[in-house]
Each structure stands twice: as structure tokens, then as C-alpha cells.
Amino acid sequence: MDSKRQLNANALERNGISYFKKASLDRLSPQALLVAEGLLDFESILSHKNFEKLSYKSQQEINKSYLLYKIPEPNKRSSVEMDSYEEEYQVTAHEARFDLALKISKASKDIVSAKEARWSAVVKNELFGNLIRSSRQEEGARLLDPKKHVEKIRVEEEDQWEHGHKSLERTTPVTAAILTAPKPDLYIALPIFSKVSYAIGFYKDDYIQNFTQDNLTKLEEPEHGNLISNPITPMDTLKVIEEKHLVCFPSTVVEIKHHKVKKSEIRHCYHQAANAAATSLSMLGRLSHVSIPNSAVGEMQPVVAFTFIGSKFRVWVAYISYKNVKLNANKMLFEYQMCCIFKGDLLSVWDTVRLCRIIENVHYWTVSHFRPWVSSCISRWKWAAREANDDNSTWIGRMADLRGQDSRLNSDDVQSLEGDSSENYDEETEDDDNLEYVPSDKEESSSGNEESEIEGEESEIEGEGSGIEGEESEIEKEEEIEEVIIPSVRTSQFRQRNAGQVQTQEHYNKRTSRTPKTTPTRVRNAKTVSPEFHGKTRRSIFPSDQDLLALPIVGGKKHVRARSSG
């Protein structure tokens with residue numbers, strides 16, 4: 001094993017990293033192909049007015065292509081229809097993109113000096129300028145809507161991926177050459193948020209909490225899987241992490257060289273892009289270990305790369321082509337491939353227009369596809385870590401658990417359920433029959449005093465009480481003739497055993513044949529609005545005059561009289 005770090009074709013190959021310069025989509029995995037096709041979506045992005053501004057060569061290329069690059073030309077319509085046309089085809093956005101491409105193409109033609117900084121200024125300030133500016137503006141914002149959190153990205157530059165390099169080393173054999181730590185000229189990653197105190201509402205959702213500093217720090221601990229999410233620095237450190245370094249899981253890398261570099265430097269640029277892309281993929285590969293089976297490695301999200309050799313540029317898609325979980329020191333865990341899907345020249349306005357469109361599509365893909373996928377893998381990782389720490393394999397259900405759960409019960413199951421329900425019913429009804437309230441001597445005396453006190457009040461409302469008694473007699477008749485609905489025997493065993501309320505017709509007839517108990521007359525209490533049972537066995541629910549003596553006087557003749565009556 002070489003102790004010195006290297007970055008060349010041989011070192012990449014020994015670490016399982018390869019790249020292909022010929023622009024083709026044939027080699028791509030299913031998910032990488034999906035992303036590549038999405039990035040190369042150029043339908044209806046060129047107006048007829050701007051088409052006339054292109055070079056003759058570009059016009060011929062567009063006319064020969066079967067793709068519909070041009071926006072349909074509008075006919076003479078009303079102002080309302082033209083507004084709808086503008087909105088449907090987003091003419092204003094396409095016009096702005098074409099103007100930006102003209103500006104970039106002119107700036108590229110003006111560069112003569114063989115300085116990498118000149119080309120970096122064009123790429124960073126013009127091509128990725130809008131993304132960088134929006135990223136910088138949102139970086140300092142602390143109070144954002146939840147939807148702003150999930151739409152944020154980070155565009156950073158010139159950071160050494162030393163910690164991410166450790167993630168790549170995990171996937172390579174010990175005999176392979178140690179690669180240099182990536183340091184991309186520009187990269188797009190997901191932001192890490194500081195924990196929101198007393199998070200409420202959507203702030204508590206996994207789409208935000210999965211990317212907090214506390215959560216990612218916890219997942220990097222050995223007992224929670226030692227997940228590397230930050231390519232720059234460890235999360236579980238006592239040092240304060242700079243705001244610039246609070247990024248995780250890069251999705252896009254950019255490498256830049258000036259236009260007069262040697263062929264060896266051109267290859268070195270491709271090696272740098274492949275090294276950085278493989279580092280990002282190694283982090284994603286470990287993250288998806290508990291979410292995607294080894295046989296479906298092609299469903300993992302890829303990583304996008306851009307390389308610029310002066311005005312010449314290439315767009316690449318990198319993905320994991322092979323995954324092996326056997327912990328063999330002489331065998332790599334992952335194999336990485338990076339394939340070119342598009343190439344062009346910034347000196348060509350039409351090529352620059354399509355490149356600007358690709359960058360817009362990269363932004364959309366990172367926010368709408370890459371980030372939700374990463375979030376779902378983090379959620380699954382948390383459950384897997386919790387399951388492992390609790391030594392419980394039943395946290396997550398399996399499809400095998402659901403087999404046969406929706407089938408009907410057979411005759412043996414039905415008989416067993418009926419036996420269980422009848423036993424439960426007998427026990428419960430016997431307990432109900434034995435329940436009878438026996439008042440104490442003190443309660444009998446108190447109830448007798450209360451009856452004498454309200455004797456006069458009952459005579460005053462005798463008519464009202466008789467009316468209520470008549471209504472209750474009608475209700476009793478309705479209850480006697482009410483039909484009994486017997487639940488089906490298909491009721492689950494769990495419900496029958498816990499509820500114990502399933503009655504058979506035999507038990508119901510047995511209960512209804514008994515002598516009905518007399519219902520005490522319901523009259524309206526003079527001291528309260530609600531009706532109360534009055535009888536010898538009535539519980540003392542409302543306070544008596546004795547109890548009122550202990551209450552404070554709050555004013556009024558009624559309260560004074562009640563106190564003096566004791």
C-alpha cells in the first residue's frame with residue numbers, strides 16, 4: 001500500500017472509479033438515466049425571434065433535429081390570448097436565459113490570458129451566479145417559512161473534503177492507492193440547519209429535522225451507525241463548525257481549468273471530477289444501505305459533475321455501478337462510473353443556452369428529487385439505528401407479516417370466537433346482576449331530611465313531574481320493542497375479547513324475561529335546573545344546607561337566607 005496520496009488513471013481504477021468521455025446514455029443505471037434525461041430537457045426553450053439571432057450552423061442543427069427546441073409561433077390573437085400564450089410557454093424566462101447566454105458567450109470570447117481565475121469568474125459569476133446569489137441571501141436568513149427550508153441549497157467553493165475522503169476509503173480495498181482528498185472549484189450541497197428551539201408545526205417534520213446539526217451529529221456517533229454526512233469536517237466535534245462548512249451530501253461538483261492547459265492537465269481535471277463525484281456517492285451509498293437492497297443499486301440517486309477546459313465544457317452523471325457488502329479487505333464495496341452526457345462550447349450561444357437550461361434543471365432536481373430521497377434515507381437510518389440499539393427486530397414491519405391477514409375466518413375460528421364471546425358475556429352479566437347499591441345509615445337519614453324539606457316543592461311542580469313521567473313511560477315502551485342488532489361472527493377476536501359485548505339471541509331473551517325494575521319518578525329539582533332522581537336511595541350529589549354554611553358569603557339575599565336557615 002502506497003503511503004503517498006495519488007490521483008491518476010491507475011489510482012482511480014484500483015479504487016474502483018472509472019469515467020467515459022464519449023457522450024452517451026447507454027451505460028447509465030436506471031436512476032442515472034432518469035436524471036440525465038431530465039437534465040437534457042430542452043423542449044420549447046427558444047423563441048423564433050432568438051432563433052434568428054443564432055449562427056447559421058446552430059440554425060441548421062436545430063432544423064435537422066427532431067426535438068422541438070423552438071416555441072410554437074403565436075398567431076394574431078387578442079391580448080387575453082397572448083397573455084395566456086406568454087404564461088404557458090414562459091417566454092419571459094426563455095428570453096432572459098437567451099440574453100444571459102449572449103453575455104456569457106461574449107465574455108468567453110474576450111478572455112485571452114491563460115489564467116484559471118478568468119474562467120472561474122465567468123463560470124461562478126455568470127453561469128452559476130443566480131444560484132450563488134440566492135444561496136448567499138438565504139444563508140443569513142434565520143426566520144424562514146418551512147417551505148423555504150426545504151427549497152434551500154448551498155453553493156460553496158474551494159473546500160477540502162477531508163472528512164468525505166474517509167467515507168470513500170471505506171469502500172476501497174486496503175491495497176489500493178490512497179487518493180487525494182477532493183477540493184472542487186464549486187459544488188452544490190444541502191444545508192445543515194441549527195436546531196429550532198420549541199419547533200412547532202411543519203418545523204417538526206422530518207424534511208427539516210433530518211438536516212439539523214443535532215440529528216446529523218447523533219447519526220455520526222458509532223452507536224448510531226457512524227454516518228458521514230458532512231464532507232468537510234466531523235459533526236461530532238467539540239469545535240464550533242463554521243457556517244460555511246454546515247453542508248451535507250453534495251449533489252453536484254464543478255472543476256475548472258484554463259484554455260491553454262496540456263492534455264495531462266485535461267485528464268487531471270476529469271480525474272478530479274471523478275474523485276469528488278465518487279466521494280459524494282460513497283456517502284450516499286452508506287446512507288442508502290438500510291433503504292435500498294444490493295440488487296437495486298441502480299435506484300440510488302446519482303451525482304452530477306461539470307468540467308470546464310476554457311470554453312469547452314462537459315456535463316457528467318456519476319453513479320454506483322456495483323455494490324458488494326462482503327467485508328473483504330481485498331475487495332471493494334462499491335464501483336463508481338462517471339459518464340459524459342453532454343458537451344459544448346461557451347463560444348456558441350446555442351450551446352450556452354442549453355448549458356444554462358441544464359443548470360436550472362440541476363437546481364430543480366436537487367430540491368425536488370435529490371433532497372427528498374436523502375431525507376427518506378435518513379429517516380430509515382434513524383429507525384434502523386433505534387432498532388439495533390433496542391435489540392428489537394420488530395420496529396419495522398415486513399410484507400410477509402401481511403400475508404393472509406385479509407382472508408375470511410374459517411368455521412373453526414368462528415366457533416372459537418363464539419365460545420369466547422359467550423363466556424365473556426356470562427361473566428359480565430353475572431357481575432352486573434350482583435351489583436346493588438345499599439345506602440348507609442347516615443345517607444338514609446340525610447336523604448330523609450332532604451325529602452321532608454322538598455315535600456312542598458314537589459307539590460308545586462306535580463303537574464310538570466307527571467308530564468315527565470308520562471314521557472318516560474313512552475320511552476320505556478319504545479325500548480322494550482327496540483330491535484336488537486347482533487354483531488356478525490366475522491367480528492375480529494380482538495374486539496370480541498376486549499369489548500365482551502356480543503350478545504346472542506338466547507341471552508337477550510333470558511334477560512328480557514326478567515321482571516323489569518321500577519324506574520323512580522324523575523322530577524325537576526327546585527334548587528337546580530337539571531332533573532334529579534328523588535328516592536330513598538338517592539346519592540347526595542349537590543351540596544346540602546350544612547355544606548353551604550362553610551362557603552363564603554358573596555352577597556345577595558339568597559345567600560344570607562341560606563346561611564341563616566342552619
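How many of the twelve residues of strand β7 are buried? Select residues 334–345 to find out. Nine of the twelve are buried, and the strand is mostly covered. Buried means under 20% relative accessible area, exposed means over 50%, and partly exposed is in between (1.4 Å probe, protein chains only). Strands (E, at least two residues) and helices (H or I, at least four) are DSSP runs, numbered from the N terminus.

Before moving on, note that this is a predicted model: local features need pLDDT of at least 70, side-chain atom pairs count only at pLDDT 80 or more, and totals for chains, interfaces and linings use all residues. Residues are numbered from 1 along each chain as its sequence is written, and side-chain values use heavy atoms, with hydrogens and water left out.

**Stop 1: the neighbours of β7**

Keep β7 selected and add β1, residues 17–20. β1 and β7 pair in the parallel sense, over four bridges. Two strands pair if DSSP finds at least two bridges between them. Pick Ser 18: its opposite number in β7 is Gln 337.

Now add strand β6, residues 312–323. β6 runs antiparallel to β7, and eleven bridges join them. Look at Phe 313, which faces Gly 344 of β7.

Next, show the side chains of Lys 312 and Asp 345. They form a salt bridge, with the closest N and O atoms 3.0 Å apart. Lys 312 sits in β6 and Asp 345 in β7, so the pair ties together parts that are 33 residues apart in sequence. Asp 345 counts as buried, at 14% relative accessibility. A salt bridge here is a side-chain nitrogen of Lys or Arg within 4 Å of a carboxyl oxygen of Asp or Glu.

**Stop 2: a positive patch**

Follow the chain out of β1. Lys 21 lies in the loop between β1 and α2 (30–39). Its relative accessible area is 45%, which makes Lys 21 partly exposed. Select Lys 263, Arg 267 and Lys 343 as well: with Lys 21 they gather in a patch of positive charge on the surface. Patch residues have over 30% relative accessible area and no salt bridge, and like charges are joined within 9 Å.

**Stop 3: salt bridges among helices**

The structure holds 13 salt bridges. Go to Arg 97 and Glu 360, whose side chains meet in one of 2.9 Å, N to O. Arg 97 belongs to helix α6 (residues 91–109) and Glu 360 to helix α14 (residues 349–389), 263 residues apart. Which of the two is buried and which is partly exposed? Arg 97 is buried at 5% relative accessibility, whereas Glu 360 is partly exposed at 36%.

Stay on α6 and select Lys 103. Glu 126 forms a salt bridge with Lys 103, the closest N and O atoms being 3.6 Å apart. Glu 126 is in helix α7 (residues 116–127), 23 residues from Lys 103.

**Stop 4: strand β3**

Select residues 186–191. Six of the six residues of β3 are buried, so the strand is largely enclosed by the rest of the structure. Add strand β2 (residues 154–156): three bridges join β2 to β3, and the two run antiparallel. Then add strand β4 (residues 247–257), which pairs with β3 in the antiparallel sense over five bridges. Center on Ile 188. Val 155 is its bridge partner, and Ile 188 also stands opposite Thr 252 in β4.

Finish with Arg 154, Glu 156, Asp 159 and Lys 244, which are linked in a network of salt bridges.

Key:
Patch = residues over 30% accessible without salt bridge, like charges linked within 9 Å, V, L, I, M, F, W, Y side chains within 5 Å. Areas by Shrake-Rupley, 256 points an atom, 1.4 Å probe, with all protein chains shown as cover. Lys, Arg positive; Asp, Glu negative; His and termini not counted. Charge placed at Lys NZ, Arg CZ, Asp CG, Glu CD.
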